[in-house]
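Subject: Structure handover

Hello,

Here is the structure you will be taking over. Please have it open while you read the notes below it.

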Amino acid sequence: MILDLTISNFRSVQSPQTISFEAVRDNRLLGDKVVEVDEKLNVIKTCAIIGPNGAGKSTFIRALEALKAIVTSPVEMECPVQYLAGTAFAYTEEKGQPAQIVMTILLGKDEETGKTLTGRYMLAATREKVFEESYYLFVGRSRKMMFERKLTAVDEAGESTYSFRWGKHYRGEKKRVSKKILPGQTFLAIAASKDSLTLNPLFTWFKETLNILPFGLSATSEKQIVDQLTAHPEWKAELINFLWSIDITDIRDLRIQEDRLIYVHTNVKQHYASYFSNESLSLRRLTSIAIAMFESFISERFLVIDDFGMLLHPDALEHLVNVFEGSNRISSQMLVVDCNPGLLKDGVLRRDAVWFAQKTSVSATEYYSLSDFRFTKSKKDMARQLYINGSYGALPITSEYSFNAVPVKGEDR
């Protein structure tokens, strides 16, 4: 499970900004929407980032996409950090500074002490080279260094020199890997490819647990759906029941033919078949989300959905959150991004699970939690209305506009 994610100098984010899944201690908040790790730590199942268009809501998702692509790239790729191209903060005073991503992941319990075991990974890099990389394990509050890698010098020819440090608990190849690793590669990926016992769990989290959902409208999305339904044929009935639960009641069967998904629609007198690509965008979107959720119900996943409300009714979004949390029995989590204030309806999300995004006066994105605002039980059902009224910020600022462009001489009028 993920505990927090911090980014800086990445896209619209300048100074370090953090999204946390660690629940605040407040008896007024719903207890069934968290996973109890120990007596001091509860982790939120579903978080949402809400704000106006262009505020930088999706920046955290782009950071996760880039980091996953870098870490899981083929080992023969000489410069995986090139996936950071175009992500550096556009308004930084000093050009060429690295983007930085830090994440803390819950790894279970320490076998010896029984205390909570967490890992903190940090990568600072440009699209050309790594500046710094580190990984620490925390057993309870005790910090144990696994490795540190820092850029120490760049000579006139552009050759980079790094210093490495390893903690006494690190298990895996050290000096042999450090001598061969290229400036544009991560030590995490290369060491994991050499079966590092220390780094394999973290690498596996990126490769398998982190699931960033595509928009669900393309042929690529259809292939992912077909592959999952082929591997889990029992999910066809689950998908039909899911669609029925959201009032799509005319789909009675699903078929796969030549790697294409076919919906069979039935009414009282007749039926017809339709390919995935011919269905409405909303049905394709719902199918993609449902299959991703089914996967998270049988294997622990961190499911990330950008533009959560795209093509979907606000009541459908509430239903999706309820389905995810009601069927999630293995500590999977979900991060969604949306403009829709419907997610602020009381009972959908905890207050500490709602994060707002807005731009500062220098066009940098800042994030802040709904739990930062005081509230009383008498006003607990008013978050959505208070947001619409401007109490929490993160609203679009609109102004008058009319089209006044004068046609160029010779153009059609």
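Which residue in β13 does Arg255 stand opposite? The partner of Arg255 is Ile262. Please keep in mind throughout that this is a predicted model.

Strands β12 to β14

The pair just mentioned belongs to β12 (residues 251-257) and β13, two strands that run antiparallel and are joined by six bridges. They form a hairpin with two residues between the strands, and in this hairpin Glu258 takes a positive phi near 50°. β13 (residues 260-266) is mostly covered, with five of its seven residues buried. β13 also pairs with β14 (residues 271-275), again in the antiparallel sense, over five bridges. Here Thr266 of β13 faces His271 of β14, and the hairpin of β13 and β14 has four residues between the strands.

The six-stranded sheet

Another part to look at is an open sheet of six strands with mixed pairing, in the order β11-β15-β16-β5-β17-β18. β11 (210-212) and β18 (365-369) stand at the edges; each has a single partner strand, so one side of each is left without a neighbour in the sheet. On average, neighbouring strands are turned by 20° against each other, direction ignored.

Within this sheet, β15 (residues 302-305) pairs with β16 (residues 333-338) in the parallel sense, over four bridges. One of the bridge pairs is Phe302 with Gln333 of β16. Two helices can be placed against these strands. Helix α7 (residues 281-298) lies across β11, β15 and β16 and runs at about 165° to β15. Helix α8 (residues 314-327) packs on the sheet as well, touching β5 (46-50) and β16, and its direction makes about 170° with that of β16.

Pockets

Rolling a probe the size of a water molecule over the atoms shows where empty space is left. The largest pocket has a volume of about 520 Å³. It is lined by 17 residues, of which Asp110, Glu111, Leu117, Leu137 and Val139 are the closest to its centre. β6 (99-109), β8 (130-139) and β9 (142-154) each supply at least two residues of this lining, and β8 gives the most, with three. By class, the lining of the largest pocket has eight nonpolar, three polar and six charged residues.

The second largest pocket holds about 430 Å³ of space. Of its 14 lining residues, the closest to the centre are Asp38, Leu41, Thr116, Gly140 and Arg141. β1 (2-8) and β7 (116-125) each supply at least two residues of the lining of the second largest pocket; the largest share, three residues, comes from β7. This lining has three nonpolar, four polar and seven charged residues.

The cavity

How many cavities of 30 Å³ or more does the structure hold? There is one, with about 40 Å³ of space in it. The cavity is lined by Ile70, Ser73, Pro74, Val75, Met77, Pro80, Gln185, Thr186, Ala189 and Ile190. Seven of these lining residues are nonpolar, three are polar and none is charged.

Regards

How values were computed
Residues are numbered from 1 along each chain as its sequence is written. This is a predicted model: local features need pLDDT of at least 70, side-chain atom pairs count only at pLDDT 80 or more; totals for chains, interfaces and linings use all residues. Side-chain values use heavy atoms; hydrogens and water are left out. Two strands pair if DSSP finds at least two bridges between them. Axes are lines fitted to C-alpha atoms, for helices over the stretch in contact, and angles run from 0 to 180 degrees between N-to-C directions. Contact means heavy atoms within 4.5 Å. On a 1 Å grid over the protein atoms alone, a cavity is a set of points where a 1.4 Å probe fits but cannot get out, and a pocket is an open set with protein on both sides within 12 Å along at least five of seven lines; lining residues have an atom within 4 Å of a point. Grid points are joined across faces, edges and corners, and a volume is the space filled by probe spheres set on the points. Ala, Val, Leu, Ile, Met, Phe, Trp, Tyr, Cys and Pro count as nonpolar, Asp, Glu, Lys and Arg as charged, and the others, Gly among them, as polar. Buried means under 20% relative accessible area, exposed over 50%, partly exposed in between (1.4 Å probe, protein chains only).
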